[in-house]
Amino acid sequence: MNILAQTAPPSTPAKAPEAAPATPAPAPAAPKEAPKADAAPAPASAPATPTPPPAPAAPKEAPKADATPAPAAAPATTPAPAPAAPKEAPKADATPAPAAAPATTQAPAPAAPTEAPKAGEPTATISVPTEATPAKEEGSATVPSEVVFTIGVVLMALFLWYFATESTRRKRLIGSFLAVAVTAGCLWFYDSLGIRKGIEIQGGIAMTIKIDPGKDEKGEVKAVTPAAQQQAIKVLQRRLDAMGTQEMAITPQGEDRIFLEIPGVGEERRKEIEDIISKVARLDFSIVHQDQFLVQQVVSGSHVEPGWRALPYAKEVDKDGNELPSRGYELVKLRPDMAGKHVSAAHYFYGPEGDSISVSFDSEGASIMGALTQTNVQRQLAIIMDGEILSAPVINEPFSSGCLITGNFTQETASALASALENPLENPIRIESSNIISPTMGKETIRQGVLAGVAGLCLTLIFISIYYRFSGLVALLGLAINGVMIFGAMALFKFTLTLPGIAGIILTIGVAIDANVLIYERLREELAAGKSLEGAIKTAYEKAFSAILDSNLTSLFTAVILFLVATGTVKGFAITLTIGILASLFSALLVTRVCFSWAIDSGFTKKLSFMDLTPKRFFDFLGYSRVCLMASIGAVIASLILVPIIDPRGVDLKGGDKLEIHDTAGLTVDKIKGILDQADIGRSPIIQSQSPVGAEGEFFSIRSEFGTAPKVIESLEKGLGHPLGETTTESIGSAVGSELLRTSAIALGLGLLAIMLYVTVRYEFAFALGAIAALIHDLVIVCGVLALTGQEVSLITVGALLTIAGYSINDTIVIFDRVREGLATKRGDVKDVMNHSLNATLGRTILTGVTTLLTVLTLLIFAGSALANFAFTLLIGIIIGTYSSVFVASPIVLWWVKRTGTNLRREVLDTEAAKVVTGPGTAPAA
């Protein structure tokens, strides 16, 4: 493992241990008084060395918020001298830094942010004291990462025990404990941590950020170019919302500005954001001069060392905001050894060593670092930002592509250091204005949308309880726990709750009913075959297991790839989707199974009955395959022509004019919206009221299509009956920049490839081809319908399209699972088996479609204009997705088999025989 070891420099009274950037925290540097209880003590003093003159005091300016001290770690292969011990002993509860393990041969740094270092590998050890606790705001509290990690390990162990045990009684007890523990934990997370709300629900803060001309490595002025503007947007996006959970909007404004919106920001969070933005500056790496006495002479001005300069360590403050003693200076090169732009990634992760950082370099940076560290083992490497040293770790061993840093971090300090290391800006930036913004939707609109969504979900749940009776009530309990898990996870991981997010959650719960429907329809078949109740339940869960697992895993693959590759709101969607999938699997396979186990064992349930509305006649679905495929091909071609011509993108996807009205006499957001709704200005404008931070007054911001600002002014003046006062107009770019579009397209392509590979392995290539063709068919036609009907494609619509993709692949895989089972167990040609499978799953297809449509139709009819576009997109997607699973995916499988002469039954039988994992009918009991 490549290690960037954090150890102390030789003993120097004027200099304290190195700092790691983070939020303010007390310093462990040798102060006159003992360190505070949460600070790690300095190591024992090294052999005596001559004492240099003390370093001059640092300037008394306000300390930077992300600077936290990093005390010395234990040495690597060869112990380095430790700093002198403080005059008073540290308090007994302070924890010393653990010793680093011996150095090993060169190897790449961990690539994934969640990857933990392997046991026994050497790690850099950085002691970081506990940071000050900020004032709590809604959704801002956190749970220590070690607590989350421990809970996760315990739950995973229980899950493994649950699936491994053969005892029905033990399985029931473990499952019951898991259900209660997870539900209680999620309720506690939601109640104690709260959830951040989105711009449309709560409002937030808007900032205009100015990009200033910078200087390159040669000192020449760097002009602000469009590339520099996009680079700044990319860096701010990753620093302020690395997980993609905040639903923030960041867009180019004019030629040298950036417009930033972040929802639900309180005063503490606003100051933190401003500090992060102000800290985004030049980052460099430089080897530190070995002569610790020479630095004092350079600082005092009594000596000039050619090619070197003295830089101070970043200052820090204690929990009360008091500045701590200066930690001294280091002598670094005038021309840095490497620029920070070569850091390709710096990720926080939690592993066996606690909160840690994985750092990776690009190819050029790896080449530079390889040569630099090869010749400078056991020397310090300074990490410099804005002329201040963040940290100066010792190089334990040579490395090139990356390194690993661990130590006494908190999650916040480790995340802050990772943020400081990752992608520094090439041009300096500054905040030009900061305004508090109102919600983009009124209270009545929000209330109407939420009520409509809840009403739709209630209708769905009532339908399920009537249709499946007692089993329906069991499903309701599982779905309730599903919802609790989603909201608890949102609170724990600080997701931002938006109005479309609420609708998406409601829809996710609605779609989660599909797993229960699959189990219950199998249960109906087993009971009809004459099995006992206990035997029928056991078999139903086992037979439904493969379909549920495969359909959810295909969606999970896409979610993971979207998270790893995409950025911004798409990454946030991926996280939400992942949690929804896991919650659905937990509630459907574990919670409901445990409920049935208790009901049967106690004698409460002795028989089950269901309604049955499935048509009894046999349909020759594949008899219409030629006509349906020709119609679908025509619709796809028409959509591919219409979408570019009509261009249904809204303002947030396409950009436009930004109009600010400073004369607010007689104006309100609702009044502006009412006037502009009657005017012909193209796509729906985005209207907000804003008030400057720390100042009185209010003004209005209107974002509309390019070139429509004059028409907006004219319409408002006509509607108000008097001319507007002071106004300013400027162009503003898309909220989804080119980087997000590019990464999202790559992620979607990789997701489709992953689905194709998985379905090919689990089924056959013919099935993979049909599933991918149906998914692309659905997305293209939905976009075509939106363009043809004049609907606007916005960020909300993008979320709906991604939801449709998940629904489509889920629906298709369920049918293919029954086709695969039929080929393995029934006689007849492939067409007959596929027709039989389509008819066997017809009840499930109808029920899942009806329950989902109930929720969506309620949203469409009663949620108002705010969610009408979102609901309409989902409505069209569900209808087309259900159609394609039957009339597109299956016919394409049949067409491919005939065209290539593939013996599909033989391939399925060979695949089933060769599988190591259990197949349908023998899956482990859930």
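In this predicted model, the largest nonpolar core contains 63 residues, of which Tyr468, Ile548 and Phe586 touch the most other members. Two or more residues are contributed to this core by each of helices H1 (145–164), H2 (168–193), H9 (443–468), H10 (470–492), H11 (499–528), H12 (533–565) and H13 (568–601), and H13 supplies the largest share, with 12 residues. The surroundings of isoleucine 548 illustrate the packing: when residues up to four places away in sequence are set aside, isoleucine 548 touches Ala515, Leu518, Ile519, Leu585 and Leu589. A second core, separate from this one, comprises 62 residues, among them Val636, Tyr807, Val833 and Val856. In soluble globular proteins, nonpolar side chains tend to be buried together.

For the chain as a whole, the secondary structure amounts to 24 helices and 26 strands, and buried residues account for 55% of the 926 residues. Of the contacts between residues at least 6 apart in sequence, 82% join residues at least 24 apart. The area exposed by the chain is about 37,900 Å², and carbon and sulfur atoms supply 62% of this area.

Nonpolar side chains also appear at the surface, where Met630, Ile633, Ile637, Ile641, Ile645 and Ile646 make a patch of about 600 Å². One of these residues, isoleucine 637, belongs to helix H14 (residues 625–646) and is partly exposed, with a relative accessible area of 46%. In the loop between H14 and helix H15 (651–654) lies aspartate 647, a residue other than glycine whose phi is nevertheless positive, near 50°. Aspartate 647 counts as partly exposed because its relative accessibility is 21%, whereas a buried residue has under 20%.

Among the strands, S14, S11, S17 and S18 form an open four-stranded sheet in the order S14-S11-S17-S18, with antiparallel pairing. The edges of this sheet are occupied by strand S14 (338–339) and strand S18 (388–391), each of which pairs on one side only. Three bridges connect S18 with strand S17 (residues 381–385) in the antiparallel sense, and isoleucine 383 has serine 391 in S18 as its bridge partner. The loop between helix H7 (363–374) and S17 holds glutamine 378, which, although not a glycine, has a positive phi of about 70°; glutamine 378 is partly exposed, at 31% relative accessibility. Valine 394, in strand S19 (residues 394–395), is by contrast buried, at 3% relative accessibility. The C-alpha atom of valine 394 is separated by 5.3 Å from that of arginine 379, which is 15 residues away along the chain.

Strand S25 (residues 699–704) is mostly covered, with six of its six residues buried. In a regular strand the side chains alternate between the two faces of the sheet. Both faces of S25 are covered, since Phe699, Ser701 and Arg703 on one side and Phe700, Ile702 and Ser704 on the other are all buried. S25 pairs in the antiparallel sense with strand S23 (residues 656–661) over five bridges, and aspartate 657 stands opposite serine 704 of S25. Five bridges likewise join S25 to strand S24 (residues 686–692), again in an antiparallel arrangement, with isoleucine 702 in S25 as the bridge partner of isoleucine 687.

Side chains of opposite charge can pair when their charged atoms come close. The count of salt bridges in the model comes to 22. One of them joins lysine 538 and glutamate 542, with an N to O distance of 2.7 Å; these residues are four apart in helix H12 and are therefore separated by about one helical turn. Within this pair, lysine 538 is partly exposed, with a relative accessible area of 40%, while glutamate 542 is buried, at 11%. Helix H12 also takes part in a salt bridge between aspartate 550 and arginine 820 (3.7 Å, N to O). Because arginine 820 lies in helix H20 (residues 795–825) and aspartate 550 in H12, this pair ties together parts that are 270 residues apart in sequence, and both residues are buried. Elsewhere, a network of salt bridges links Lys210, Asp212, Asp256, Arg257, Arg430 and Glu432; in the bridge between aspartate 256 and arginine 257, the closest N and O atoms are 3.1 Å apart.

Note on methods: Residues are numbered from 1 along each chain as its sequence is written. This is a predicted model: local features need pLDDT of at least 70, side-chain atom pairs count only at pLDDT 80 or more; totals for chains, interfaces and linings use all residues. Side-chain values use heavy atoms; hydrogens and water are left out. A nonpolar core is a set of buried Ala, Val, Leu, Ile, Met, Phe, Trp, Tyr and Cys residues joined through side-chain atoms within 4.5 Å. Buried means under 20% relative accessible area, exposed over 50%, partly exposed in between (1.4 Å probe, protein chains only). Contact means heavy atoms within 4.5 Å. Two strands pair if DSSP finds at least two bridges between them. Patches are made of residues with over 30% relative accessible area and no salt bridge: like charges are joined within 9 Å, nonpolar side chains (Val, Leu, Ile, Met, Phe, Trp, Tyr) within 5 Å. Accessible areas come from the Shrake-Rupley method with a 1.4 Å probe; for residues, only the protein chains shown count as cover. A salt bridge is a side-chain nitrogen of Lys or Arg within 4 Å of a carboxyl oxygen of Asp or Glu.
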